Amino acid sequence: MKPPEIISRRFLYFETEIVIKKLLFLILLCTQIILPQVHQIKSFDELIQTLKCGNDARVVVHYKNCKLFIDNVEVNSVNAVGGMEISTFEYFAKGSIKNEKAYIVFSENVLISHKKYGYVFNYVKIRIFEDNQVEITAQYLKTYTYEVVMDEVFYCEINLGENEGGVFLFSD
């Protein structure tokens with residue numbers, strides 16, 4: 001027969017192991033509850049439903065997968081990535097303002113320091129249409145006069161997972 005001290009140590013070891021496993025399980029469970037699960041939005045309709053329900057959404061643009069136009073002339077697009085949260089937006093149903101397609105529009109204006117232009121406002125407006133096509137207007141404006149010193153228009157499509165669309169949409 002084993003002395004009680006050895007039995008007590010083994011019991012304590014196994015009990016400690018069980019407590020540690022339970023603690024690890026609780027930590028993993030809490031991280032699943034607390035940390036948001038990012039979901040890729042793969043259509044205009046899904047984006048509208050996400051926003052109408054009051055959920056947060058973000059857009060990430062891979063500009064190299066878009067067509068770039070400067071002064072209505074197509075030029076090589078830039079290998080750059082940009083993103084922003086969709087916080088304030090407007091949705092226009094087809095025909096509501098004499099528009100041929102339903103679309104959602106949102107924009108952001110941020111002060112930046114540019115090596116060529118100095119301090120300028122970086123204004124970006126994104127329109128996403130019901131056919132998953134996207135139009136992005138990017139402009140630099142002088143801070144005092146609002147004179148446009150750079151004006152670009154990108155045409156892309158929503159990335160559906162099986163296409164080369166340059167616009168990725170996400171929600172939590």
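## Thr 50 in helix α2

In this predicted model, Thr 50 lies in helix α2, and with a relative accessibility of 9% the residue counts as buried, since the cut-off for that term is under 20% relative accessible area. The side chain of Thr 50 reaches back along the chain to the backbone oxygen of Glu 46, at 2.8 Å.

Leaving aside residues up to four places away in sequence, Thr 50 touches Ile 41, Asn 55, Asp 56, Ala 57 and Ser 171. Two of these names lead on to the strands: Ile 41 belongs to β1, which spans residues 39–41, and Ser 171 is within β11, which spans 167–171.

## Overall organisation

The secondary structure of the chain consists of two helices and 11 strands, and the order from the N terminus is α-β-α-β-β-β-β-β-β-β-β-β-β. Of the 172 residues in the chain, 29% are buried, while the area that the chain exposes is about 12,000 Å², with carbon and sulfur atoms supplying 57% of it.

When contacts between residues at least 6 apart in sequence are considered, 45% of them join residues at least 24 apart.

## Strand β11 and its partners

Strand β11 is largely enclosed by the rest of the structure, because four of its five residues are buried. It is joined to β1 by three bridges, the two strands running antiparallel, and within this pairing Ile 41 has Leu 169 of β11 as its bridge partner.

Strand β2 is also joined to β11, in this case by five bridges and again in an antiparallel arrangement, with Val 60 standing opposite Phe 168 of β11. Strand β11 is thus bridged to β1 and to β2.

## The nonpolar core

The largest nonpolar core has 30 residues, and those with the most contacts inside it are Leu 47, Ile 126, Ile 128, Ile 136 and Leu 169. At least two residues of this core come from each of α2 (44–52), β2 (57–62), β5 (81–86), β7 (103–114), β8 (118–129), β9 (133–142), β10 (148–157) and β11 (167–171). Leu 169, listed among the residues with the most contacts inside the core, is also the β11 residue that serves as bridge partner to Ile 41.

The surroundings of Ile 126 can be given in detail: apart from residues up to four places away in sequence, Ile 126 touches Val 59, Met 84, Ile 104, Val 105, Phe 106, Val 134, Glu 135 and Ile 136. Among these neighbours, Ile 136 is likewise one of the residues with the most contacts inside the core.

## The disulfide and the cysteines

The structure holds one disulfide, formed by Cys 66 and Cys 156, whose sulfur atoms are 1.9 Å apart. Cys 66 lies in the loop between β2 and β3 (67–70), whereas Cys 156 lies in strand β10, so the pair ties together parts that are 90 residues apart in sequence. The torsion about the S-S bond is about 110°, and the disulfide is therefore right-handed.

Both partners of the disulfide are buried, Cys 66 with a relative accessible area of 8% and Cys 156 at 5% relative accessibility. Cys 53, by contrast, has a relative accessible area of 59% and is exposed, the cut-off for that term being over 50%.

Note on methods. Residues are numbered from 1 along each chain as its sequence is written. This is a predicted model: local features need pLDDT of at least 70, side-chain atom pairs count only at pLDDT 80 or more; totals for chains, interfaces and linings use all residues. Side-chain values use heavy atoms; hydrogens and water are left out. Buried means under 20% relative accessible area, exposed over 50%, partly exposed in between (1.4 Å probe, protein chains only). Contact means heavy atoms within 4.5 Å. Accessible areas come from the Shrake-Rupley method with a 1.4 Å probe; for residues, only the protein chains shown count as cover. A nonpolar core is a set of buried Ala, Val, Leu, Ile, Met, Phe, Trp, Tyr and Cys residues joined through side-chain atoms within 4.5 Å. A disulfide is a pair of cysteine sulfur atoms within 2.5 Å. Two strands pair if DSSP finds at least two bridges between them. A polar contact is a pair of N or O atoms within 3.5 Å; within protein, one must be able to donate a hydrogen and the other to accept it, and residues adjacent in sequence count only if both atoms are side-chain atoms.
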